[in-house]
Amino acid sequence: MTTEQAGHSRTVEVERKYDVDSSTPLPSWNRIPGVDAVTDGELRELDARYFDTADASLSRSGVALRRRTGGPDEGWHIKGPREGDGRVELGWPLGDDDALPDAVAAAVARWTTEPLAPLARIENARTAYLLTGAAGVIAEFVDDRVRATDLRTGTEREWREWEMELGPAAPADAAGREAFFTAVEAAVSTAGGRVAASGSKLARALSF
């Protein structure tokens, strides 16, 4: 769920990630509770640069600071540590240049006030699908083909992954969410996917 607050957005992300091979077919969602239809895929070319201290203290604390272009939510983002089944993401507009906005610097000071520098670049050819039901969007499923560069060493990595993130019409109770994700994971497993070995793209890019 996304809310607007004093010049920035606040989103609570509840999602699951899955590793897949480059040729794995997309899952069939016909047995997912409450899902009546799936939209056609929308291609989004995303390009993000992640910033951190010299010793990667943000990343090691489960925090990500990025500037991303492309997609409906392009801008500056801070993704906080996981809290239970979700993760809070704060967002600000891109601004006129690549400089870290004062408002973003103030927010990230909760974790560090050390100098920040580019840590990784993650380019992502994303195809997004909306799973909808009678009340609206239940979830967004994305098929990501990722190219990541560790800017500390120049090491490049490529992989494919899927994400399923709950939408505004998702089940509000824990039991309903668990039933939803149980059905999702059955469909993913049938297609040939598996639970992701890494908790985030940034962690995988940096081999954390």
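Q: The side chain of T112 reaches the backbone nitrogen of which residue at 3.1 Å?
A: This is a predicted model in which local features need pLDDT (the predictor's confidence in each residue, from 0 to 100) of at least 70, side-chain atom pairs count only at pLDDT 80 or more, and totals for chains, interfaces and linings use all residues. Residues are numbered from 1 along each chain as its sequence is written, and side-chain values use heavy atoms, with hydrogens and water left out. A polar contact is a pair of N or O atoms within 3.5 Å; within protein, one must be able to donate a hydrogen and the other to accept it, and residues adjacent in sequence count only if both atoms are side-chain atoms. At 3.1 Å, the side chain of T112 reaches the backbone nitrogen of E114.

Q: Is T112 buried or exposed, and at what relative accessible area?
A: T112 sits in the loop between α2 (102-108) and β9 (117-133); helices (H or I, at least four residues) and strands (E, at least two) are DSSP runs, numbered from the N terminus. Contact means heavy atoms within 4.5 Å, and T112 touches T53, S57 and L58, not counting residues up to four places away in sequence. Buried means under 20% relative accessible area, exposed over 50%, and partly exposed in between (1.4 Å probe, protein chains only). T112 therefore counts as buried, its relative accessible area being 10%.

Q: Which element of the protein chain has the highest mean pLDDT?
A: The protein chain has a mean pLDDT of 92, and 97% of its residues reach 70 or more. Where pLDDT is low, the predicted coordinates should not be read in detail. Among the elements, the lowest mean pLDDT (53) belongs to strand β1 (residues 2-5) and the highest (98) to β10.

Q: Which element gives the largest share of the largest nonpolar core?
A: A nonpolar core is a set of buried Ala, Val, Leu, Ile, Met, Phe, Trp, Tyr and Cys residues joined through side-chain atoms within 4.5 Å. The largest one has 22 residues, and W29, M164, F180 and V184 have the most contacts inside it. Two or more residues each come from β3 (15-20), β9, β10 (136-150), β11 (155-166) and α3 (174-191). The largest share, 7 residues, comes from α3.

Q: How many residues does another core, apart from the largest, have?
A: In the largest core, M164 is one of the residues with the most contacts. Its contacts, not counting residues up to four places away in sequence, include W29, F141, F180 and V184. Apart from this core lies another, with A64, L119, A120 and V146 among its members, and its residue count is 12.

Q: How far apart in sequence are the parts that the pair of E13 and K79 ties together?
A: A salt bridge is a side-chain nitrogen of Lys or Arg within 4 Å of a carboxyl oxygen of Asp or Glu, and E13 and K79 form one with the closest N and O atoms 3.2 Å apart. E13 is in strand β2 (residues 8-13) and K79 in strand β7 (residues 75-83), so the pair ties together parts whose separation in sequence is 66 residues.

Q: At what relative accessibility does E185 count as partly exposed?
A: E185 and R16 meet through their side chains in a salt bridge (3.2 Å, N to O). This pair links distant parts of the chain, with R16 in strand β3 and E185 in helix α3, 169 residues apart. E185 counts as partly exposed because its relative accessibility is 27%.

Q: What is the relative accessible area of R160, which is buried?
A: D143 and R160 meet through their side chains in a salt bridge of 2.9 Å, N to O. The pair links strand β10, which holds D143, to strand β11, which holds R160, 17 residues apart. D143 counts as buried at 8% relative accessibility, and R160 is buried at 5%.

Q: How many salt bridges does a search of the whole structure find?
A: Side chains of opposite charge can pair when their charged atoms come close. One network of salt bridges links K17, R126, D144, E161, E163 and K201. For the whole structure, the number of salt bridges found is 24.

Q: How many residues apart in sequence are the parts tied together by the pair of W29 and F141?
A: Rings of Phe, Tyr and Trp (its six-membered ring) pair if their centres lie within 6.5 Å; planes under 30 degrees apart count as stacked, over 60 as edge-to-face and the rest as tilted. The whole structure has 5 aromatic pairs, including the edge-to-face pair of W29 and F141, at 5.0 Å centre to centre and 65 degrees between the planes. W29 lies in the loop between β3 and β4 (37-38) and F141 in strand β10, so the separation in sequence of the parts tied together is 112 residues.
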